Amino acid sequence: MKRRSQSAASMANARLSDRALVADGMISTAEALRFGGFGKTKLFELLKSGDVVGSTVGRKRVVSRRSLANYVAARLERTDRTA
């Protein structure tokens with residue numbers, strides 16, 4: 001199995017975008033559930049798929065406020081277009 005290596009420029013861009021996602025702060029999973037209006041299973045599916053960015057700090061899971069807001073906004077836009 002071949003592994004693709006990332007160039008230094010693409011890795012730097014990824015780090016910059018990660019920094020931008022956490023610029024507005026991280027929130028707990030409980031706060032993310034209230035904000036998103038969905039259940040714990042859905043939140044962890046979104047984290048696993050990468051649709052929402054999160055991290056673990058010690059034993060606590062935290063979610064990027066901006067990535068969650070972007071996800072919810074995109075869902076609302078799709079809902080508005082189909083209605």
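S28 is buried, at a relative accessible area of 15%. I start with that residue and work outwards. The model is a predicted one, which applies to everything I say here.

S28 sits in strand β1. Strand β1 covers residues 26-28 and is joined to β3 by three bridges, the two strands running antiparallel. Within that pairing, the residue opposite S28 is V62 in β3. If we set aside neighbours within four places in sequence, the contacts of S28 are K60 and R61.

Take K60 next. K60 belongs to strand β3. Is K60 buried, exposed or partly exposed? The relative accessibility of K60 is 47%, so K60 counts as partly exposed. S28, by contrast, is on the buried side of the cut-off, because its 15% falls under 20%. Along the chain, K60 and S28 are 32 residues apart, while their C-alpha atoms are separated by 7.8 Å. Besides S28, K60 also touches S55, again leaving out residues up to four places away in sequence.

That brings in the other partner of β3. Strand β2, residues 54-57, is joined to strand β3, residues 60-64, by four bridges, and this pair is antiparallel too. The bridge partner of K60 here is V57, and R61 has T56 opposite. Two residues lie between the strands of this hairpin. Which residue of the hairpin takes a positive phi? G58 does, with a value near 65°.

Now put the strands together. They form an open sheet of three, in the order β1-β3-β2, and the pairing is antiparallel. β1 and β2 are the edge strands, each pairing on one side only. From one strand to the next, the twist averages 40°. As general background, side chains in a regular strand alternate between the two faces of the sheet.

Next, the helices. The chain as a whole has four helices and three strands, and from the N terminus the elements run α-β-α-α-β-β-α. What lies across β1 and β3? Helix α4 does, running at about 55° to β3.

Helix α4 also packs against α2, which spans residues 29-36; the angle is about 20° and the axes are 11 Å apart. That angle is under 35 degrees, so α2 counts as roughly parallel to α4. Their crossing is right-handed. On the α2 side, the residues that meet α4 are A32, F35 and G36. On the α4 side, they are L68, A69 and V72.

Some of these residues return in the largest nonpolar core, which has 11 residues in all. A32, L68 and V72 are among them, and so are I27 and V63. The rest of the list is F38, L43, L46, L47, V52 and Y71. Which elements give two or more residues to this core? They are α3, residues 40-49, and α4, residues 65-82.

One core member deserves a closer look, and that is Y71. Not counting residues up to four places away in sequence, Y71 touches F38, L46 and V52, which are in the core list. Y71 also touches K42 and D51.

Two totals to finish. The chain has 83 residues, of which 19% count as buried. Then there are the contacts between residues at least 6 apart in sequence: 58% of them join residues at least 24 apart. The pair I opened with, S28 and K60, is in contact at a separation of 32 residues along the chain.

Note on methods:
Residues are numbered from 1 along each chain as its sequence is written. This is a predicted model: local features need pLDDT of at least 70, side-chain atom pairs count only at pLDDT 80 or more; totals for chains, interfaces and linings use all residues. Side-chain values use heavy atoms; hydrogens and water are left out. Two strands pair if DSSP finds at least two bridges between them. A nonpolar core is a set of buried Ala, Val, Leu, Ile, Met, Phe, Trp, Tyr and Cys residues joined through side-chain atoms within 4.5 Å. Buried means under 20% relative accessible area, exposed over 50%, partly exposed in between (1.4 Å probe, protein chains only). Contact means heavy atoms within 4.5 Å. Axes are lines fitted to C-alpha atoms, for helices over the stretch in contact, and angles run from 0 to 180 degrees between N-to-C directions. Angles under 35 degrees count as roughly parallel, over 145 as roughly antiparallel, 65 to 115 as roughly perpendicular and the rest as oblique. A crossing is left-handed if the near helix is turned anticlockwise from the far one by less than a right angle, and right-handed if clockwise.
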